Number of protein chains: 2
Amino acid sequence: MLLSKRCIYALRAALYLALAKTDGEYISIQKIASELNISFHFLTKILQDLQRKNLVISFRGPRGGVALARPDTEITSMDIIRAINGEDVFAQCIMGLPGCGTETPCPMHEDWARSRKAIETVFNNTSLATLAEQTVKKHLRLTEPKARTE
Amino acid sequence: MLLSKRCIYALRAALYLALAKTDGEYISIQKIASELNISFHFLTKILQDLQRKNLVISFRGPRGGVALARPDTEITSMDIIRAINGEDVFAQCIMGLPGCGTETPCPMHEDWARSRKAIETVFNNTSLATLAEQTVKKHLRLTEPKARTE
DNA sequence: GACAAAGCAGACAAAATAGTCTTAATACTT
DNA sequence: AAGTATTAAGACTATTTTGTCTGCTTTGTC
Ligand code: SF4
Ligand code: SF4
């Protein structure tokens, strides 16, 4: 698995917030958790991580909750991934040799580096706004299908 | 991390075997483990997995050990990966929604699917022979650098 | 001010992964 | 036959990741 569950949950929650489009309103973690079918307490901790990295802001009390800290156009999926999985998610490599580098690469280096770069680029170029837009435009889904059986 | 440590160890061990080029001789797990700096007992279990999947053969007793079950040209890195991490390593996806498919994809589907396919292709097209060849030809390294400091 | 609705914090539990150890089984050597 | 070198099997431990719970703090409403 490329990304941890924490990270996947963070992405889903962030996209949910981007789609919510509340004008200055906060959305309760409870609601996000239940709609995305994620454990409430777990998601709380994940969103706290995002808050510490200044990707979301939060507010307590009634009508409190969380919201994106910046416009969704200015948050990339890479931002979320880095916030949760650390700065060097894509640093680690196939053969996992310690002290590896381009000078003395292991045999997989070339092919893997190319693929890795491609994935990195995708995440870097995909803002929450882009994702949200695609979601709406193409009628994609974010939550689990409930009524429809497939 | 894309691949588990078990998987990485398996790949390194398999490549080591491919590079060994012993004519029908077996190489002891002890030797592989110490050269690749992997826990002996752990590697033993991993190689047992590969043996059950008929990727390596083993022999007990003095002068025993393990060897590739087929010519290195006929074992891909994907074979190793699948043997260790299961058949559907690359099935799981970014947003990790249950029951996802091309009919009702999540917003990341398109970009991710492309990258995933690329990685899969790399692994499928990379036989142990190819890796071994590159290793020799380009003076790449498999074990950890010891004498040289970088 | 009392109460309720939220997030915050940290201890705790469960599950998955990684790694260790001990005992057996097997095969070669002498 | 005895002894040794090797893998096989499985119990055991450790670490990381994932998830749960309980109590506290902040904020709005009445
Ligand atoms: S040499 Fe390249 S492919 Fe190998 S572990 Fe290092 S970065 Fe990864
Ligand atoms: S819809 Fe596509 S990208 Fe999303 S979880 Fe499913 S396969 Fe992965």
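**Two protein chains and two DNA strands**

Author: Chain A can be laid on chain B with an RMSD of 0.1 Å by a turn of 180° and a shift of 0.1 Å along the axis, where copies are superposed by least squares on the C-alpha atoms of residues with pLDDT of at least 70 in both. That is the relation of a two-fold axis. This is a predicted model, in which local features need pLDDT of at least 70, side-chain atom pairs count only at pLDDT 80 or more, and totals for chains, interfaces and linings use all residues. Residues are numbered from 1 along each chain as its sequence is written, chains are lettered from A and ligands numbered from 1 in the order in which they are written, and side-chain values use heavy atoms, with hydrogens and water left out.

Reader: Which residue of chain A comes closest to the rotation axis?

Author: That is Leu2(A), whose C-alpha lies 2.2 Å from the axis.

Reader: And how many residues of chain A are in contact with chain B?

Author: There are 44 residues of chain A in contact with 44 residues of chain B, contact meaning heavy atoms within 4.5 Å.

Reader: What area do chain A and chain B bury between them?

Author: The two chains bury about 3,800 Å², 62% of it on carbon and sulfur atoms; buried area is the accessible area (1.4 Å probe) that two parts lose on being put together, summed over both. Met95(A), Pro107(A) and Arg141(A) supply 18% of the area that chain A buries against chain B, more than any other three residues.

Reader: How many salt bridges are there between chain A and chain B?

Author: The count is two, a salt bridge being a side-chain nitrogen of Lys or Arg within 4 Å of a carboxyl oxygen of Asp or Glu. Glu110(B) forms one with Lys138(A), where the closest N and O atoms are 3.1 Å apart.

Reader: Which element gives the largest share of the side of chain A that touches chain B?

Author: α5(A) does, with eight residues, helices (H or I, at least four residues) and strands (E, at least two) being DSSP runs numbered from the N terminus.

Reader: Changing topic, which residues come nearest to DNA strand D?

Author: Of the 25 residues around DNA strand D, the nearest are Ser39(A), Phe42(A), Pro62(A), Ile29(B) and Ser58(B), a residue being near a strand if one of its heavy atoms lies within 4 Å of it. Sugar and phosphate account for 64% of the atoms of this strand that come within 4 Å of the protein.

Reader: Where does Lys45(A) sit relative to a base oxygen of DNA strand D?

Author: An N or O atom in the side chain of Lys45(A) is 3.3 Å from a base oxygen of DNA strand D, and a backbone N or O atom of Gly61(B) also lies 3.3 Å from a base oxygen of that strand. On the phosphate side, a polar side-chain atom of Tyr9(A) lies 3.5 Å from a phosphate oxygen of DNA strand D.

Reader: How many residues surround DNA strand C?

Author: DNA strand C is surrounded by 27 residues, with Ile29(A), Ser58(A), Lys5(B), Ser39(B) and Phe42(B) the closest. The largest share of the surface near this strand, five residues, comes from α3(A).

Reader: What lies 3.2 Å from a base nitrogen of DNA strand C?

Author: A polar side-chain atom of Arg60(A) does, and an N or O atom in the side chain of Arg60(B) is likewise 3.2 Å from a base nitrogen of DNA strand C. For His41(B), a polar side-chain atom lies 3.4 Å from a base nitrogen of the strand.

Notes: Polar contact = N/O pair within 3.5 Å; in protein donor to acceptor, adjacent residues only side chain to side chain.
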